[in-house]
Every structure is written in structure tokens, then in C-alpha cells.
Amino acid sequence: MIDQFPNFFADADSDYNNAHFVIFGIPYDKTSTFRYGATNAPSEIRKASWNFETYRFETGVDFRDLKVHDFGDLPVKDLSPENMIKEVEKTVLRFKKDEKFPIAIGGEHSVTLGIIKALKKEEFCVLSLDAHLDYRNEYEGEKFSHACVIKRITEEIGIKNVAVVGFRSADRDEYKNALKDKLFCMDIFNLNRTGLKNILEELKKHVGKRKIYLTLDIDVLDPAYAPGTSTPHPFGLTTFQLLEIIDELAEKLIGFDIVEVCPAYDKGETSLLAAELIRTIITKHYYKTSKNK
Ligand SMILES: [Mn+2]
């Protein structure tokens with residue numbers, strides 16, 4: 001039995017230069033509004049990652065054969081939101097220059113803006129899976145709040161390059177503005193009525209030939225699966241619906257993040273799920289892209 005876990009993501013033991021996938025933590029929760037503690041998510045998710053077998057019988061890929069590096073955590077805990085975003089941008093610019101595939105562990109959702117700023121030279125589509133629209137202009141006087149991150153991202157890369165799926169909570173003006181601005185957004189009720197397969201077809205049509213950056217707010221899942229999150233909202237996706245989305249889109253990914261895990265509010269199941277999602281997304285992306293080479 002391991003009584004002290006190594007402080008890196010399980011089997012992410014390539015060195016930086018040899019790695020293709022780079023995992024890094026962004027322990028930040030300064031703009032959280034309901035529950036605090038997302039700063040602990042990177043270390044709890046790393047710990048949870050040691051639970052899993054490396055071989056994936058579904059694809060025949062062994063996680064140990066992939067070149068994954070754990071870069072550690074960015075020193076952003078005490079920074080203002082603007083400075084945190086700058087630090088994230090600087091780091092991801094380096095990953096981009098070195099042709100790495102970035103995988104961020106939040107932290108709250110505000111961290112994603114720094115990643116998008118770094119990647120935005122090329123055209124791609126941001127897919128946000130989230131219980132919330134996060135399309136407010138500002139929240140509690142803060143433009144860089146987690147509740148505004150999609151609005152800020154649309155300002156960076158253009159609204160046609162953004163899609164939000166799975167939301168079920170929004171402020172009245174926020175929702176009206178999203179519709180008025182023609183943000184591609186699919187609420188969870190529509191998704192369940194129309195069927196996930198049809199929604200995925202619409203999403204794929206919207207994305208077209210573009211690559212995808214996935215920002216996965218863990219609260220898109222039902223709190224039954226992911227209770228350890230900052231602003232939980234009932235009526236969420238099931239884990240198998242999420243897997244279906246990942247299966248459809250994994251090939252197109254250029255990077256992803258998992259945000260809003262808040263480990264103090266459960267018995268570890270949300271961190272376990274986040275760790276397994278990271279392994280699953282990496283493996284599926286690798287499998288689907290290497291198949292086409
Ligand atoms: Mn959310």
C-alpha cells in the first residue's frame with residue numbers, strides 16, 4: 001500500500017522535453033462565490049489518479065505508453081484574477097511553442113481565459129460543458145469572475161468560436177444576451193428532449209472543420225455524480241452522456257481543462273471522477289489520432 005502518494009499525476013512520468021501531453025495545476029479560487037476550496041483540487045485529483053489501472057481494454061491503449069508530463073502547479077494562489085490569467089497565458093504560450101498538448105486542472109472556471117489567450121492565434125472552437133452559461137458581463141463587480149468566463153472568451157476569439165452545452169442555470173439578462181448575441185448554447189432540458197445524439201450532430205455542424213478546446217466544468221454533471229463542486233446544480237448530465245460527448249469529439253481536441261472541483265464537499269468521489277476523466281480524454285484523443293496517422 002502506498003501511504004504517501006507521489007505528488008504528480010499517476011504515470012505522468014515523461015520528462016517535459018519528451019512529453020506530448022502536459023498536465024498542470026492552476027490552484028485558484030479567488031472569485032468563487034458559493035463554496036471555496038477549488039485550490040485543493042489539483043493535489044486531490046493527483047492523489048485520486050493513483051487509484052486506476054493503466055491498461056484501457058476498450059482501446060488497447062496503456063496509459064504508461066503515452067508521453068505525459070506533470071508540470072506541477074502554477075504559483076497563482078494569491079494573485080489578482082488579472083495577474084493569475086497573465087501567468088496562465090505565459091505558461092501556456094510556452095507549452096504551445098514547445099508543441100505540447102495542454103491539460104489544466106483548476107481551480108475555478110476563471111482560469112480558462114488565460115489558456116484561450118495563449119492559444120488564440122489559430123482558429124478553433126471552445127466547447128464549454130457547464131451547468132452555467134458564465135456569460136455575465138461582470139459578477140459582484142468583477143469582470144474576471146468565474147461567472148463571466150464565457151463572455152470574456154467570446155470577446156477574445158469571437159462568439160462563433162464558442163459553444164456551451166449542458167447549462168441549466170442563468171441570470172435573466174445573461175440568458176437574453178446569449179440568445180441575442182447568437183451564442184451557440186444548448187440547455188440540458190433541450191438536450192434530454194432532443195436526445196444527445198441529435199445535439200452532438202448540431203454541435204459537430206457548428207464546429208465544422210475547426211479543432212476544439214474543451215473546458216469541462218465538473219458541475220455539468222449531475223451532483224449525484226459530482227457533488228464536490230463550487231456551485232452544484234441538479235438535473236445534470238450522467239457520466240455516460242459525458243463519455244458519449246468525449247467519444248464523439250476526442251479526435252478534434254487541442255487541449256482541455258477540468259475546473260470547479262471542490263474537494264472539501266464530498267468524500268473524494270468528484271476528484272476520482274476528474275482523475276479518471278483526464279485519463280479517459282487523453283487516452284481517447286491518443287487512440288483516435290494515432291489511428292488516423
Ligand atoms: Mn459552472
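# A guided tour

Begin by selecting helix 4 (residues 149–157), where Val149, Ile150, Lys151, Arg152 and Ile153 are buried. Buried here means 20 or more other C-beta atoms within 10 Å of the residue's own, exposed means 12 or fewer, and partly exposed lies in between, with C-beta atoms placed from the backbone. Helices (H or I, at least four residues) and strands (E, at least two) are DSSP runs, numbered from the N terminus. The model is a predicted one, in which local features need pLDDT of at least 70 and side-chain atom pairs count only at pLDDT 80 or more, while totals for chains, interfaces and linings use all residues. Residue numbers start from 1 along each chain as its sequence is written.

**Around helix 4**

Add helix 3, strand 6 (124–129) and strand 7 (162–167) to the selection: the buried residues of helix 4 pack against these three elements. Contact between two residues means that their C-beta atoms, placed from the backbone, lie within 7 Å. Helix 4 lies across strand 6 and strand 7 and runs at about 160° to strand 7. Such angles run from 0 to 180 degrees between N-to-C directions, and axes are lines fitted to C-alpha atoms, for helices over the stretch in contact. Move on to Gly158, just after helix 4, which takes a positive phi of about 95°.

**Helix 3 and its two neighbours**

Two packed helices are described by the angle between their axes and the distance between the axes. Keep helix 4 on display with helix 3: their axes come within 10 Å and cross at roughly 10°. The two helices are therefore roughly parallel to each other; this term covers angles under 35 degrees, with over 145 being roughly antiparallel, 65 to 115 roughly perpendicular and the rest oblique. Select Thr112, Leu113, Ile116 and Lys117 in helix 3, which meet Val149, Arg152, Ile153, Glu156 and Ile157 in helix 4. By class, the residues of this contact are five nonpolar, one polar and three charged. Nonpolar covers Ala, Val, Leu, Ile, Met, Phe, Trp, Tyr, Cys and Pro; charged covers Asp, Glu, Lys and Arg; the others, Gly among them, are polar.

Now replace helix 4 with helix 2 (residues 81–97). Its axis and that of helix 3 (residues 112–119) come within 7 Å and cross at roughly 40°, and helix 2 and helix 3 are therefore oblique to each other. From helix 2, Ile85, Lys86, Val88, Glu89, Val92, Leu93 and Lys96 make the contact, and from helix 3, Leu113, Gly114, Ile115, Lys117, Ala118 and Leu119. Eight nonpolar, one polar and four charged residues make up the contact of helix 2 with helix 3.

Beneath which strands should one look next? Helix 3 lies across strand 5, strand 6, strand 9 (211–217) and strand 10, at about 165° to strand 10.

**The sheet**

Display the eight strands of the open sheet, whose order is 4-1-5-10-9-6-7-8 with parallel pairing. Two strands pair if DSSP finds at least two bridges between them. Strand 4 (68–73) and strand 8 (184–187) are the edge strands, each pairing on one side only. On average, neighbouring strands of the sheet are turned by 15° against each other, direction ignored.

Within the sheet, select strand 5 (residues 101–106): six of its six residues are buried, so the strand is largely enclosed by the rest of the structure. Phe101, Ile103 and Ile105 point one way, while Pro102, Ala104 and Gly106 point the other way. Strand 1 (residues 21–26) runs parallel to strand 5 and is joined to it by six bridges; Phe24 stands opposite Ala104. Strand 10 (residues 253–259) also runs parallel to strand 5, with three bridges, and there Ile258 is the bridge partner of Ile105.

**Individual residues**

Ile105 also leads to Ile45 in helix 1 (residues 41–49). Not counting residues up to four places away in sequence, Ile45 touches Ile105, Val261, Ser271, Ala274 and Ala275. Ile45 counts as buried, because it has 27 C-beta neighbours inside 10 Å.

Most residues other than glycine have a negative phi, and most peptide bonds are trans. Select the peptide bond from Gly106 to Gly107, which is cis, with omega near 15°; Gly107 is found in the loop between strand 5 and helix 3. Asp134, in the loop between strand 6 and helix 4, has a positive phi of about 55° although it is not a glycine. Asp134 is buried, with 28 other C-beta atoms within 10 Å.

End at Asp11, in the segment before strand 1. Asp11 is not a glycine, yet has a positive phi of about 65°. Is Asp11 buried or partly exposed? With 18 C-beta neighbours inside 10 Å, Asp11 counts as partly exposed.
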